[in-house]
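Subject: Structure handover and what was found in it

Dear colleague,

Please find below the structure that I am passing on to you. Once you have had a look at it, you can read on for an account of what was found.

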Amino acid sequence: MAPRAFTLPDGTRVGVDFADEGHPTVLGQCAPLRGPVKSVQRNKLIADAFKLVWLRDTHFPDARVVLVMGEQLSRHLARGSWLRSAFATHGIAVALVDDGTTVRSLDTIT
């Protein structure tokens, strides 16, 4: 996995924080991992999710979409929130990173 930039057939350029080589099977973005969350960070999270889903749906339909974020930002994805439901509906996986190196799926959070 590494940062990737794609030039699409119509000339549109789009970059992602990480994807595998070749025809990607994973497309991902990283959101802030530390510190207090500001509304602009929440909005960027939503924009990143939209970009990844658009890229997958229009060019890489077999790719998995993943957002990696810190615990503070994940509070916007609490059970029962519209954003969590929207992410699930659109097949967006969320991984949480703690202050160390532990990564886990949002679905393991209670």
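In strand β5, I92 is the bridge partner of V65, and V65 in turn is the partner in β4 of L27. Please keep in mind throughout that this is a predicted model, and that the values below were computed from it.

The pairing of β4 with β5, which covers residues 92-97, is parallel and runs over 6 bridges. On the β3 side, β4 is again parallel to its partner, and here 5 bridges make the connection; within this pairing C30 stands opposite V68 of β4. Strand β3 is also joined to β2, residues 13-19, but in this case the two run antiparallel and are held by 2 bridges, with G28 of β3 as the bridge partner of F18. These two strands, β2 and β3, form a hairpin that has 6 residues between them, and in its turn G22 has a positive phi of about 70°.

How well are these strands covered? Strand β3, which spans residues 26-30, is mostly covered, as 4 of its 5 residues are buried, and β4 is mostly covered too, with 6 of its 7 residues buried.

It may help to set these strands within the whole chain, whose secondary structure consists of 3 helices and 6 strands. If you follow the sequence from its beginning, the elements come in the order β-β-β-α-β-α-α-β-β. Of the 110 residues in the chain, 39% are buried, and the accessible surface comes to about 6500 Å², with 56% of it belonging to carbon and sulfur atoms. When contacts between residues at least 6 apart in sequence are considered, 54% of them join residues that are at least 24 apart.

A residue that deserves your attention is Q29, which lies in strand β3. Is Q29 buried or exposed? Its relative accessibility is 3%, and because buried means under 20%, Q29 counts as buried. The side chain of Q29 reaches the backbone nitrogen of D17 at a distance of 3.0 Å. Leaving out residues up to four places away in sequence, Q29 touches a number of others, including G15, V16 and F18, as well as K44, D48, K51 and L52, and also V66, L67 and V68.

The nonpolar interior comes next. The largest nonpolar core has 24 residues, and those with the most contacts inside it are F6, L27, L45, L55, L67, M69 and F87. At least two residues of this core are supplied by each of β2, α1, β4, α3 (82-89) and β5, and the largest share, 5 residues, comes from α1. Another core lies apart from it and has 7 residues, among them V66, V68, A93 and V97.

F6 also takes part in an aromatic pair, and a search of the whole structure finds 1 such pair. The two rings, those of F6 and F60, have centres 5.1 Å apart and planes at 50°, so the pair is tilted; for the reasoning, planes under 30 degrees apart would count as stacked and those over 60 as edge-to-face. The pair links distant parts of the chain, since F6 is in strand β1 (residues 2-7) while F60 is in the loop between α1 (39-59) and β4 (64-70), and 54 residues separate the two along the sequence. Both F6 and F60 are buried.

Finally, you may wish to look at I46, a residue of helix α1. What is the relative accessibility of I46, and how does I46 count? The value is 25%, so I46 counts as partly exposed, given that this class lies between the 20% limit for buried and the 50% limit for exposed. Apart from its neighbours within four places in sequence, I46 is in contact with W82 and L83. The C-alpha atoms of I46 and L83 are separated by 8.4 Å, although the two residues are 37 residues apart along the chain.

With kind regards

Conventions:
Residues are numbered from 1 along each chain as its sequence is written. This is a predicted model: local features need pLDDT of at least 70, side-chain atom pairs count only at pLDDT 80 or more; totals for chains, interfaces and linings use all residues. Side-chain values use heavy atoms; hydrogens and water are left out. Rings of Phe, Tyr and Trp (its six-membered ring) pair if their centres lie within 6.5 Å; planes under 30 degrees apart count as stacked, over 60 as edge-to-face and the rest as tilted. Buried means under 20% relative accessible area, exposed over 50%, partly exposed in between (1.4 Å probe, protein chains only). Contact means heavy atoms within 4.5 Å. Accessible areas come from the Shrake-Rupley method with a 1.4 Å probe; for residues, only the protein chains shown count as cover. Two strands pair if DSSP finds at least two bridges between them. A polar contact is a pair of N or O atoms within 3.5 Å; within protein, one must be able to donate a hydrogen and the other to accept it, and residues adjacent in sequence count only if both atoms are side-chain atoms. A nonpolar core is a set of buried Ala, Val, Leu, Ile, Met, Phe, Trp, Tyr and Cys residues joined through side-chain atoms within 4.5 Å.
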